[in-house]
Amino acid sequence: MATQGDDDERSFFSEVPVRPAARAKAAVDEKPHYLGHRDRLRERFASAGPDALPDYELLELLLFRLIPRADTKPVAKALLARFGTLAEVLGAPVGLLQEVKGIGPTVALELKVVAATAQRMARGEVHGREVLASWQQLLDYCRSAMAFEAREQFRILFLDKKNALIADEVQQTGTVDHTPVYPREVVKRALELSATAIILVHNHPSGDPTPSRADIEMTKEIIEAAKRLGISVHDHIIIGRKGYSSMKGLLLI
């Protein structure tokens, strides 16, 4: 049974001009113009690979299955115009996605499923591996998981004595510009997991990954608390839409 959300979603594409009776049969036989476009786009993806397609065409390919009977090019372009990049489209909250004409609850939810799948794949690239030797994969994972969150998250990556990732947890979620962090709780959780080292990660929803004075002071407090129990803090990474900052790389810790 179709839901109201499905009806709303398809209503964007449902307006068809009324044709004269003499042309009714021809209209029935006429195939929508977008069907040939879909076939050509799929063929180009298969032959040339994803790098040959701009973001809006990759998004079109994704929308083909979610919106089966419509021209998805204007929807893909509208999504990118609203959010900026393909990554930001997938990272956008469901409510904001639905503000784009042509995107209803069902398609918005399916886009979030795709985003979750991509994040799970990225996490698989670093889980159980020596993260210091897979630094770029680690950064890619953190960015996919946190860069487009609307609120600050404080994440901890727990490492074993070989610096392999044994756990990845979001310890706190705060407001748009603040997350409460308690050094004692950070160290306590590291001991529970038998971690010998940790990497701190949090995001700046503003997009600017520059560490604040509060970020630096909090990090130093955690370093001191962890050091007393033999736990190393390898880095504190701040993720933003515009990139990332490493406190170790900036010589702040």
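**Entry 1: S1 and S3**

I looked up the pairing of S1 with S3 and found two antiparallel strands joined by six bridges. I noted one position in this pair: Ile156 faces Leu200 in S3. The model is a predicted one, and I read every entry here with that in mind.

**Entry 2: S1 and S2**

Next I checked S1 against S2. These two also run antiparallel, and seven bridges join them. I wrote down two partners on S2: Ala167 is the bridge partner of Phe158, and Leu165 stands opposite Leu159. The connection is a hairpin, with five residues between S1 and S2. In its turn I found Asn163 with a positive phi of about 65°.

**Entry 3: burial of S1**

How many of the residues of S1 are buried? I counted seven of seven, so I put the strand down as mostly covered. I then sorted the side chains by direction. Gln153, Arg155, Leu157 and Leu159 point one way, while Phe154, Ile156 and Phe158 point the other way. The general rule is that side chains in a regular strand alternate between the two faces of the sheet. Both groups in S1 are buried, and I note that Gln153 and Arg155 are among them.

**Entry 4: S3 and S4**

I moved on to strand S3 (residues 197-203) and strand S4 (residues 232-240). Their pairing is parallel and extends over seven bridges. Here I recorded Ile198, which is opposite Val233 in S4.

**Entry 5: the whole sheet**

What is the order of the strands in the sheet? I read it as S2-S1-S3-S4-S5, an open sheet of five strands with mixed pairing. At the edges I found strand S2 (165-173) and strand S5 (243-246). Each has a single partner strand, so one side of each lacks a neighbour in the sheet. Averaged over the sheet and ignoring direction, neighbouring strands are turned by 20° against each other.

**Entry 6: helices on the sheet**

I looked for helices packed on this sheet and noted two. Helix H10 (residues 183-192) touches strand S1 (153-159), S2 and S3. The direction of H10 makes about 35° with that of S1. Helix H11 (residues 213-227) lies across S1, S3 and S4, and I have its angle to S4 as about 155°. I note that S1 and S3 appear in the lists for H10 and for H11.

**Entry 7: Ala115**

Is Ala115 buried or exposed? I found a relative accessible area of 8%, and buried means under 20%, so Ala115 is buried. Ala115 sits in helix H8 (residues 105-124). I also took the C-alpha separation from Ala115 to Ala145, which is 8.9 Å, with these positions 30 residues apart along the chain.

**Entry 8: aromatic rings**

I searched for aromatic pairs and found zero in the structure. One ring does have a charge over its face: Lys77 lies over Tyr56, at 4.7 Å from the ring centre.

**Entry 9: chain totals**

I closed with the totals. I list 11 helices and five strands for the chain. Of its 253 residues, 41% count as buried. I have the accessible surface of the chain as about 14300 Å², with 54% of it belonging to carbon and sulfur atoms. For contacts between residues at least 6 apart in sequence, I noted that 61% join residues at least 24 apart.

Definitions and conventions. Residues are numbered from 1 along each chain as its sequence is written. This is a predicted model: local features need pLDDT of at least 70, side-chain atom pairs count only at pLDDT 80 or more; totals for chains, interfaces and linings use all residues. Side-chain values use heavy atoms; hydrogens and water are left out. Two strands pair if DSSP finds at least two bridges between them. Helices (H or I, at least four residues) and strands (E, at least two) are DSSP runs, numbered from the N terminus. Axes are lines fitted to C-alpha atoms, for helices over the stretch in contact, and angles run from 0 to 180 degrees between N-to-C directions. Contact means heavy atoms within 4.5 Å. Rings of Phe, Tyr and Trp (its six-membered ring) pair if their centres lie within 6.5 Å; planes under 30 degrees apart count as stacked, over 60 as edge-to-face and the rest as tilted. A charge sits over a ring if NZ of Lys or CZ of Arg is within 6 Å of the ring centre and within 35 degrees of the ring normal. Buried means under 20% relative accessible area, exposed over 50%, partly exposed in between (1.4 Å probe, protein chains only). Accessible areas come from the Shrake-Rupley method with a 1.4 Å probe; for residues, only the protein chains shown count as cover.
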